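User: Could you walk me through this structure and tell me what stands behind each term you use?

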Amino acid sequence: MRKLRYVLLAGAAIGVLAGLATMTLATKTASGHDNGPPPVSRDTKQILNDISARNIQRSIHTLVGFGTRHTLSSQTDPNRGIGAATQWVYEQFQDAAAASGGRMTVEKQSFVQPPGPRNPNPVTVTNVLATLHGTQPESASRMYLVSGHLDTRCTDVLDFTCDAPGADDDGSGVSAVLELARVMATHSFDATIVFAVFAGEEQGLFGSTFYANQAKAAGLNIAGMFSNDIIGSSLGQNGLRDRRDVRLFADGPPPNETAAEAATRRTMGGENDTPARQLARFVRTEAQRAIPKMNVWIIYRRDRFLRGSDHTPFLDNRYPAARFTEPNEDFRHEHQNVRVENGVQFGDLEQFVDYDYIANVARVNAASLAALANGPAAPQAVKVEASTLSIDTQLEWQANPEPDLAGYEIVYRDTTEPYWSHVIPVGNVTNFTVKNITKDNFLFGVRAVDKNGNRSVVTFPVPK
């Protein structure tokens, strides 16, 4: 258990120093996170209540019924293969869009993947996308994306004729995304939410790579991305049943970090304060607030060993992204031909899926997406004064564009703490001096707050 430290900061009053607002008193709660966020909104409660484990079960059953969803399988057979499954997903999104009052649009994004190690011949890959457009003009271009992947595989990644049911990998993620689109389509949000079902994941992240590269080239503002991949089983190969935890893999410094970026990171001690990890902390806080029976178990890694998922191309394009995955996997039920061997059932079958667990993971996604899309953007150009020696900490940032912005909060924590533990409300200003608390001893960040009390993701500063 994390040791809690209580810091009493006294001896100075709120004042003005060199044109910068100042504050001397900060607070910390015993639970290790601030008490600031408002109660869960009525709309969010309705969304969480409307998520149905039975609908998720029906979706997985239908997906398994396509026999295989291998990327190289038939695209023309009306009953079996990736083509039939893609059309069915498209129709589910269309049904959701019909109830959106025109706010949701649906499209297929197709492209030809050139030959490679896992596709000997060119293959058409099709992503299916449902976009719930934001209603606040200042926020509509800010996007949040949630995904699952449609394709499946057997033991041999090139075997596209075998039965590959993919109930968990990744029928669980696709069914969650479909349910999120169905439930959230009837609600409006300031920012835009994209519900994505990617293809070609098992063959090399084909669909997500194409989407992320296209988004980067177009200058799209993807402020957060969640991959839901293998979120279906609460029983692990280790025999442990865990219906409470869901892992959220959050990456550290990017592999293409420049020398200048690495130098800044070392100066700031920001190894654990990447955009992906700030996003993960936000999700954990929202889950604690909205679905207290679920625990978001943040893993400080890009992904599991020898594995990957559709968040990877977004990270490579410098978008904040993270992956949800069940806490204890059973590798006998992933990437396996369906068979019984020495009395043990292998294969990714429906019987190993926990639909109530998937519904709760979907609720974690829903609460996070709603809070992100209804809240303000993370502050930009956050800087900390680092050119002079001082016992104070001076921060500055750019003003947010939202018309319903209330102000900002400075958060900080001990350098060994994983989560933000202190909060200082500073009002609607763009600079602030924290008196008598030195940046040498703590990590600082800034977040925006709107008039409804919704917080943004925290932005970690760079030296000024």
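Analyst: Happy to! Let's start with α8, which contributes five residues to the lining of the largest pocket, the most of any element. Please keep in mind that this is a predicted model, where local features need pLDDT of at least 70 and side-chain atom pairs count only at pLDDT 80 or more, while totals for chains, interfaces and linings use all residues. Residues are numbered from 1 along each chain as its sequence is written, and side-chain values use heavy atoms, with hydrogens and water left out.

User: What makes α8 a helix by name?

Analyst: Helices are DSSP runs of H or I with at least four residues, strands are runs of E with at least two, and numbering starts at the N terminus. α8 covers 275–290, so this run meets the helix minimum of at least four residues.

User: Why is the largest pocket called a pocket, and which residues lie nearest its centre?

Analyst: On a 1 Å grid over the protein atoms alone, a pocket is an open set of points with protein on both sides within 12 Å along at least five of seven lines; a set where a 1.4 Å probe fits but cannot get out would be a cavity instead. Lining residues have an atom within 4 Å of a point. By that rule the largest pocket has 48 lining residues, with Thr-274, Pro-275, Arg-318, Pro-320 and Thr-459 nearest its centre. Its volume is about 1300 Å³, where volume is the space filled by probe spheres set on the points, joined across faces, edges and corners.

User: What makes a lining residue nonpolar, polar or charged?

Analyst: Ala, Val, Leu, Ile, Met, Phe, Trp, Tyr, Cys and Pro count as nonpolar, Asp, Glu, Lys and Arg as charged, and the others, Gly among them, as polar. The lining of the largest pocket then splits into 28 nonpolar, 11 polar and nine charged residues. For the second largest pocket, the classes are seven nonpolar, five polar and six charged. That pocket holds about 300 Å³, and α10 gives the most to its lining, with four residues.

User: How do you know that β4 and β5 pair, and in which sense do they run?

Analyst: Two strands pair if DSSP finds at least two bridges between them. Here 10 bridges join antiparallel β4 and β5, so the minimum of at least two is met. Glu-107 stands opposite Leu-129 in β5. On to β7: β5 pairs with this strand over five bridges, also in the antiparallel sense. By contrast, β8 and β11 run parallel, joined by four bridges.

User: Why is Ser-456 called buried?

Analyst: Buried means under 20% relative accessible area, exposed means over 50%, and partly exposed lies in between (1.4 Å probe, protein chains only). Ser-456 has 2%, so this residue is buried. Its place is the loop between β19 and β20. The same term applies in β5, where nine of 10 residues are buried.

User: What makes something a contact, and which residues does Ser-456 touch?

Analyst: Contact means heavy atoms within 4.5 Å. Leaving aside residues up to four places away in sequence, Ser-456 touches Phe-282, Pro-376, Ala-377, Ala-378, Pro-379, Arg-447 and Ala-448. Ser-456 and Asn-374 are 82 residues apart in sequence and 9.3 Å apart in space, C-alpha to C-alpha. Asn-374 is also among the residues nearest the centre of the second largest pocket.
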